[in-house]
Amino acid sequence: MRTKVVVSVLAMTTLGLLATGLLTHAIQRRVVVEQVDRDLAQEVEEFRRLADLGIDPDTGEPFTGVEQLLRVAIERNVPSDHEMLVTFLAGEPRLYSPASARTLADDAALRQFVAGVPGDAREVVDDWLDTGEGRVHVVVVPVRVEGDPGQTGAYVVAADLGEALEAQRETMRTFTLVAAVVLVLVGIVAWLVMGRVLRPLELLAATARQVGETDLHRRAPVRGDDDVAALARTFNTMLDRLAGAIEGQRQFLDDAGHELRTPLTVLRGHLELIDPDDPRDVVETRDLLLDETARMSRIVEDLVLLAKAERPDFLAPAPVDLGRLTDELLDKASALGDRRWRLDARADAVVLGDVQRLTQAGLQLADNAVKFSAPGTVVAVGSEVSDGVARVWVRDEGPGVPPEDRARIFERFARADGAAGRPGSGLGLAIVRAIAQGHGGDVTATDGADRGLRVTLEWPADGDGGTAVGHDGATDDGQEER
């Protein structure tokens, strides 16, 4: 790519310089030709003034013949570097100036051209001739003198175009040399600049080569805010998503292998020990296997749900009436167990969230509260919106969780110390945390009102929302009970 860009820059620069050179050459050539024509016209005009005056400036006497007029004219005129003067008398060259004009005077093409001009012509005749001196612009002035009617002559003014254009050719040679130097400098600068511009792409390619299935933590360096930097940032974002997907897949496989190994072992052990001839043993083993199969199904469903939590379509955000969500959550949770179900507070607000996932998280918290509390004890549900944060919580009057273990209970397969013998896979609170984080929030565990545990799910609300308000039918402690 670097070579292609440099070659393209050089090609464009070469075309630009070539076009500039050709245009300049054409313009300068035209200027030189026009200047030659003006010089020739000036020479002709000076000769005509001398001929019309008819007096020899040196003697003050009238010209007595054509030869005298031509000699005086050529002696008094000093041609420029590219000009040549030749006089013809009776069709033959006589005088010339400068000395180099001798060759032109003897040239057959000039002789033939002059011979073709009538001696009594009243107008000058000019043309371009290809002579031994090169291409020459020739102007022939027919000459007659009244005192010498029998004699005719011609005053020839010629301009050597090649010599006139010599200065231009020197300029073009200089231009060609300068253009070659410019091309070299442009090539060097373009090579260095493209190296600097493409350096981030080289680093990006090096990073891509170093990234492997076991090493997804490398990132391309990002410098500046140009298009290459934007590409590097996009590449790093892609690596972040890829790393998250692979980590989620690895976590899913580890979790599945870890959690399914035990029920599979149980299934295999009982199948190996079953006595097919004992109907009672067959029935007991069948019931046990069905129970383990159901537990495996729940584990797989929970693992699949956690794996989906990394996908962008895990949530379907929409406006959620938090007060109605709280009421429905309390209604649904009251069927989970024989508890004194209460409503702590109800937020009269509309927030942004996925109502199905929030309900799932709330019911999971309520199910946990039932598992770790005694029949007849209080399990309360509440919601509020304050400082732009929406909260839904469930609290119980169970044994609670020590402060040092409260962060750990939201990890996968983590079980509280008092959870031994209780049903569950250890994935419920991990699912709740995944739902909270999917909403851009989190879940925390704190002490209950008097005892037990309060688990709060919170996430950013779509605005400040409303305030928590009480409800009719509250008990004597200010809370609604069902």
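Which residue is the bridge partner of Val145 in β5? Select Val145 and look across to β5: the partner is Asp148. Keep that spot in mind, because the tour comes back to it after a look at the whole model.

**Stop 1: the whole protein**

Show everything as a cartoon. This is a predicted model. The protein has 482 residues, and 39% of them count as buried. Look for 11 helices and 14 strands. Now switch on the surface. The protein exposes about 27,000 Å², and carbon and sulfur atoms supply 54% of that area. Contacts also reach far along the chain. Among those between residues at least 6 apart in sequence, 62% join residues at least 24 apart.

**Stop 2: the open sheet**

Hide the surface and select β1 to β5. These 5 strands form an open sheet. Read across it in the order β2-β1-β5-β4-β3. The pairing is antiparallel. Which strands are the edge strands? They are β2 and β3, and each pairs on one side only. Turn the view and watch the strand directions. Neighbouring strands of this sheet are turned by 30° against each other on average, direction ignored.

**Stop 3: from β1 to β2**

Select residues 83-89 for β1 and residues 92-97 for β2. The two strands pair in the antiparallel sense over 5 bridges. Pick Val86 and look straight across: Tyr96 in β2 stands opposite. Then follow the chain round the turn. β1 and β2 form a hairpin with 2 residues between them. Click on Ala90, which sits in this turn and has a positive phi of about 55°.

**Stop 4: from β3 through β4 to β5**

Move to β3, residues 125-131. β3 pairs with β4 in the antiparallel sense over 7 bridges. Two cross-strand pairs are worth a click. Trp128 stands opposite His137 in β4. Asp127 has Val138 in β4 as its bridge partner. How many residues lie between β3 and β4 in their hairpin? There are 2.

Now colour β4, residues 134-145. Is β4 mostly covered or mostly open? β4 is mostly covered, with 9 of its 12 residues buried. On the way to β5, a hairpin joins the two strands through 2 residues. β4 and β5 pair in the antiparallel sense over 9 bridges. Here is the opening pair again: Val145, with Asp148 in β5 as its bridge partner.

Show side chains along any one strand. In a regular strand the side chains alternate between the two faces of the sheet.

**Stop 5: helices on the sheet**

Add α1, residues 2-53. α1 packs on the sheet and touches β1, β3, β4 and β5. The direction of α1 makes about 15° with that of β4.

Next, select α4, residues 108-115. α4 lies across β1, β2, β3, β4 and β5. This helix runs at about 160° to β3.

Then select α2, residues 66-76. Which residues of α2 are buried? They are Val66, Gln68, Leu69, Leu70, Val72, Ala73 and Ile74. Show what surrounds them. The buried residues of α2 pack against α1, β1, β2, β4 and β5.

**Stop 6: salt bridges**

Show the charged side chains. The count comes to 19 salt bridges. Here are three to find.

Start in α1 with Arg49 and Glu45. They form a salt bridge, and their closest N and O atoms are 3.9 Å apart. Where do the two sit along the helix? They are 4 residues apart in α1, so about one helical turn separates them. Glu45 is partly exposed, with a relative accessible area of 40%.

Go on to Asp58 and Arg76. Their side chains meet in a salt bridge at 3.8 Å, N to O. Asp58 lies in the loop between α1 and α2, and Arg76 lies in α2, so the pair ties together parts that are 18 residues apart in sequence. Are these two buried or exposed? Asp58 counts as exposed at 58% relative accessibility. Arg76 is exposed too, with a relative accessible area of 52%.

Finish at Asp106 and Arg102. Their closest N and O atoms are 3.1 Å apart in a salt bridge. Asp106 counts as partly exposed at 41% relative accessibility. Arg102 counts as partly exposed at 43%. Now widen the selection. Salt bridges that share partners join Glu92, Arg102, Asp106 and Arg111 into one network.

Note on methods
Residues are numbered from 1 along each chain as its sequence is written. This is a predicted model: local features need pLDDT of at least 70, side-chain atom pairs count only at pLDDT 80 or more; totals for chains, interfaces and linings use all residues. Side-chain values use heavy atoms; hydrogens and water are left out. Buried means under 20% relative accessible area, exposed over 50%, partly exposed in between (1.4 Å probe, protein chains only). Contact means heavy atoms within 4.5 Å. Accessible areas come from the Shrake-Rupley method with a 1.4 Å probe; for residues, only the protein chains shown count as cover. A salt bridge is a side-chain nitrogen of Lys or Arg within 4 Å of a carboxyl oxygen of Asp or Glu. Axes are lines fitted to C-alpha atoms, for helices over the stretch in contact, and angles run from 0 to 180 degrees between N-to-C directions.
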